[in-house]
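Reader: I am new to this structure and should like to be guided through it by questions. May we begin once it is in view?

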Amino acid sequence: MNKLIKKLNDFNELVMFKHSIFSLPFIFIAMVVSSGQLNGSAWFGLKLFVLGILAALTARNFAMGFNRYMDRDIDALNPRTINRPNVDGRISASQMLVFTLANALGFVVVAFFINDLALKLSIPILFIIGSYSYFKRFSYLAHIILGISLALAPIAGVVAVSETIPFWSIALSIGVMFWVAGFDLLYSLQDIDVDKELGLHSIPSKFGAEKTMKISKVFHMLAVFFWLLFAITSASSFFAYLAVIISALMLSYEHYLVNKDFKKIDRAFFTVNGYLGIIFLILIIIDNIF
């Protein structure tokens, strides 16, 4: 039993399960708004609630598992990642591959039980979220690919409820894309020297820290703009606009933290962005109840 628990903890560390907090709120934001427009109620049912969680987790586990599998060589050369389970032998390459394939299959099965459009989109979604692992090897646009990967969460949410992709969900997703790409730029500042040494492609290694922080600010301004567009086009009311305003303030605080001290990147990355998604979701739920 102790060995099983230890192995589960190793896989938990491998996929960084706590990072699910970045994608889960936005899949439910899309589901809440879509349900409110279709049924006049923010609650979309227990079945879709469970399937939504399973879809988000299996997709993310696939993406992270595949990324760790592909990055074994890179992570072994980076002092920040050298103690990860995919490097230090706690999880073998074959175990990672089985884990990754199992979650890919699980995602497709969950999509099957959601609806036909979800099933049709499941394979393309897996292809997109898996491609991130390759991009950093030849293009500094990898940050955008990561943003697109998480931006698929709201699209998946609205498809699950309505089998459509309305404009407001696209605006919400583009906002998520720029939000994620923006904070990934800040997070990547930690590896700027390693990326240069290993010949990996990233915006920090190509343009330097100062320009990267400026690009990140632009991305986050665009995120706020598209979230505002989401609030307008989804016919939302006060609390949705309040969510956008609070998000803008939180992103400003994130940049303040990083500008003040690079050592606070982890705090900016995990704490600020984690709470942003949760607060956004809570306010959208309130907006659709009242």
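Reader: Which residues does Phe66 touch, not counting residues up to four places away in sequence?

Author: The model discussed here is a predicted one. Phe66 has its place in helix H3, which covers residues 46–70. Once residues up to four places away in sequence are set aside, the residues that Phe66 touches are Thr100, Gly130, Ser133 and Tyr134.

Reader: Is Phe66 buried or exposed?

Author: The relative accessible area of Phe66 is 17%. Buried means under 20%. Because its value is 17%, Phe66 counts as buried.

Reader: How many Å apart in space are Phe66 and Pro25, C-alpha to C-alpha?

Author: In sequence, Phe66 and Pro25 are 41 residues apart. In space, their C-alpha to C-alpha separation is 23 Å.

Reader: How many helices and how many strands does the protein have?

Author: Read from the N terminus on, the elements run α-α-α-α-α-α-α-α-α-α-α-α-α-α. The secondary structure therefore comes to 14 helices and 0 strands.

Reader: What radius of gyration does the protein have, and what would a compact globule have?

Author: The C-alpha atoms fill a box of roughly 55 × 45 × 35 Å along the principal axes. A compact globule of 290 residues would have a radius of gyration near 19 Å. The protein agrees with this, because its own radius of gyration is 19 Å.

Reader: What percentage of the residues is buried?

Author: The protein has 290 residues, and its accessible surface comes to about 13500 Å². Of that surface, 70% belongs to carbon and sulfur atoms. Buried residues make up 54% of the protein.

Reader: Which helix gives the most to the largest nonpolar core?

Author: The largest nonpolar core has 74 residues, and those with the most contacts inside it are Phe26, Trp179, Trp227, Phe230 and Phe280. The helix that gives the most to this core, with 13 residues, is H8 (residues 142–162).

Reader: Which residues are in contact with Phe280, leaving aside its neighbours within four places in sequence?

Author: Phe280 is among the residues with the most contacts inside the largest nonpolar core. Two others named there, Trp227 and Phe230, are also in contact with Phe280. With the neighbours within four places left aside, its contacts are Phe26, Ile29, Trp227, Phe230, Ala243, Val244 and Ser247.

Reader: How many residues are in the second, separate core?

Author: This core includes Phe11, Met16, Met64 and Phe99. The second core is separate and has 8 residues.

Technical notes. Residues numbered from 1 in each chain as written. Predicted model: local features only at pLDDT ≥ 70, side-chain atom pairs only at ≥ 80, totals over all residues. Heavy atoms only, no water. Helix = DSSP H or I, 4+ residues; strand = E, 2+ residues; numbered from the N terminus. Rg over C-alpha atoms; globule rule 2.2 N^0.38 Å. Buried < 20%, exposed > 50% of the residue type's maximum accessible area, 1.4 Å probe, protein only. Areas by Shrake-Rupley, 256 points an atom, 1.4 Å probe, with all protein chains shown as cover. Core = buried A, V, L, I, M, F, W, Y, C linked by side-chain atoms within 4.5 Å. Contact = heavy atoms within 4.5 Å.
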